[in-house]
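Let's go through this model together, asking at each step why a label applies. Have a look at the sequence and structure first.

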Amino acid sequence: AQESRGLGDVYKRQTLKCSKNKMTDVAVSILTVEQEEATHVFYNLETARPEYFHIDVMDGKFVENNNLELMKDYATTISHISNIPLDVHLMVENVEEIMDEYMDLLPDRITFHIEAISDSERIFNIIDELKSNGIKIGIAIKPNTKIEEIKPYLNYIHQVLVMTVEPGKGGQKLIPETLEKIKELRSFVDDNGIDIDIEADGGINKETAEDVRNAGTDVLVSGAFIINSENQREAVEIIRGTK
Ligand code: DX5
Ligand code: ZN
């Protein structure tokens, strides 16, 4: 009798929904790093042990700023000096072209915006190409884009990046309504048994990180807050929720 009670417990535990319970990862955005001090900052960030370096790529078309050359430079330098994986966020219209350049750096994941591509065949082609190169696939949505838009792709990708500010620049204020969208997406993926990372990006700092974690995220991007902190290791821990 005792034995069957034990098994019953195990059974119950296994049939619980697999809602998120692992630690939140931190991706540090290097968007606001000044060129003159870049190498030095990258070494410091390396010792702060974020889970990813977040590379924000902007083409001057999908968003106003253009940092194509600088980010390619930064990402190349980091891939040489660090073994912390790259999390590439493409805010560009010509996803295929820019993605090709970044695939050479063997990033862990590349995320592109659904608003940049209206045709679903094109999206599936991009998914196939990343997959065949062994790179994880992310799709990003801007604050006004509904999660319905990405539902057809959820079973084929590894990450959804929910923008918590309008894409385009670092150091903005988080838009609180975006947290509702994260919660909605978390319940949807859990209810449907979809194993996917939810990443939040923009305005994540000491004040906002806890709410963003509690909304059900797996990866938090943080730029200005970590870069401007005196103690970057502590800043990473604050975002992760371990400090
Ligand atoms: C915004 C970028 C974000 C942003 C994050 O377009 O995608 O990655 O720079 O930086 P902070 O934390 O400064 O908002
Ligand atoms: Zn980003």
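Q: What covers the buried residues of α2?
A: The cover includes β1 (25–29), β2, α3 (68–81), α8 (224–227) and α9 (232–240). Helices and strands here are DSSP runs of H or I (at least four residues) and of E (at least two), numbered from the N terminus. One note before we go on: this is a predicted model, where local features need pLDDT of at least 70, side-chain atom pairs count only at pLDDT 80 or more, and totals for chains, interfaces and linings use all residues. Residues are numbered from 1 along each chain as its sequence is written, chains are lettered from A and ligands numbered from 1 in the order in which they are written, and side-chain values use heavy atoms, with hydrogens and water left out.

Q: What makes the buried residues of α2 line one face of the helix?
A: In α2 (residues 38–47), the buried residues are Ala38, Val41, Phe42, Leu45 and Glu46. Down the helix axis they fall within an arc of 145°, so they line one face; the arc is that of the directions from the axis to the C-beta atoms. His40 and Thr47, on the other side of α2, are exposed.

Q: Why does Ser29 count as buried?
A: Buried means under 20% relative accessible area, exposed over 50%, and partly exposed in between (1.4 Å probe, protein chains only). Ser29 has 6% relative accessibility, so this residue counts as buried. Ser29 is found in strand β1.

Q: How do you know that the side chain of Ser29 makes a polar contact with the side chain of Asp56?
A: The distance is 2.8 Å. A polar contact is a pair of N or O atoms within 3.5 Å; within protein, one must be able to donate a hydrogen and the other to accept it, and residues adjacent in sequence count only if both atoms are side-chain atoms. The Ser29 side chain also reaches the backbone nitrogen of Leu31 at 3.3 Å.

Q: Which protein residues are donors of the zinc ion (ligand 2)?
A: They are His54 (NE2), Asp56 (OD), His89 (ND1) and Asp201 (OD), lying 2.0 to 2.3 Å from the ion. Donors are N, O and S atoms within 2.8 Å of the metal (3.2 Å for Na, K and Ca); water is not among the atoms, so sites may look incomplete.

Q: Why is the arrangement around the zinc ion (ligand 2) called octahedral?
A: Six donors count as octahedral if opposite donors are over 155 degrees apart and all others between 65 and 115. Here the six donor atoms subtend angles of 69 to 168°, which makes the arrangement octahedral. His54 lies in strand β2 (residues 52–58) and His89 in strand β3 (residues 86–91), so the pair ties together parts 35 residues apart in sequence.

Q: Which polar side-chain atom lies 2.6 Å from an oxygen atom of ligand 1?
A: One belonging to Asp201 does. A backbone N or O atom of Gly168 lies 2.8 Å from an oxygen atom of ligand 1, and for an N or O atom in the side chain of His89 the distance is 3.3 Å.

Q: Why is Glu96 called partly exposed?
A: Its relative accessible area is 25%, so Glu96 falls in the partly exposed class. Glu96 is in helix α4 (residues 95–103), and its side chain makes a polar contact with that of Arg122 (2.8 Å).

Methods:
Tetrahedral: all angles 85-135°; square planar, octahedral: opposite > 155°, others 65-115°. Contact = heavy atoms within 4.5 Å.
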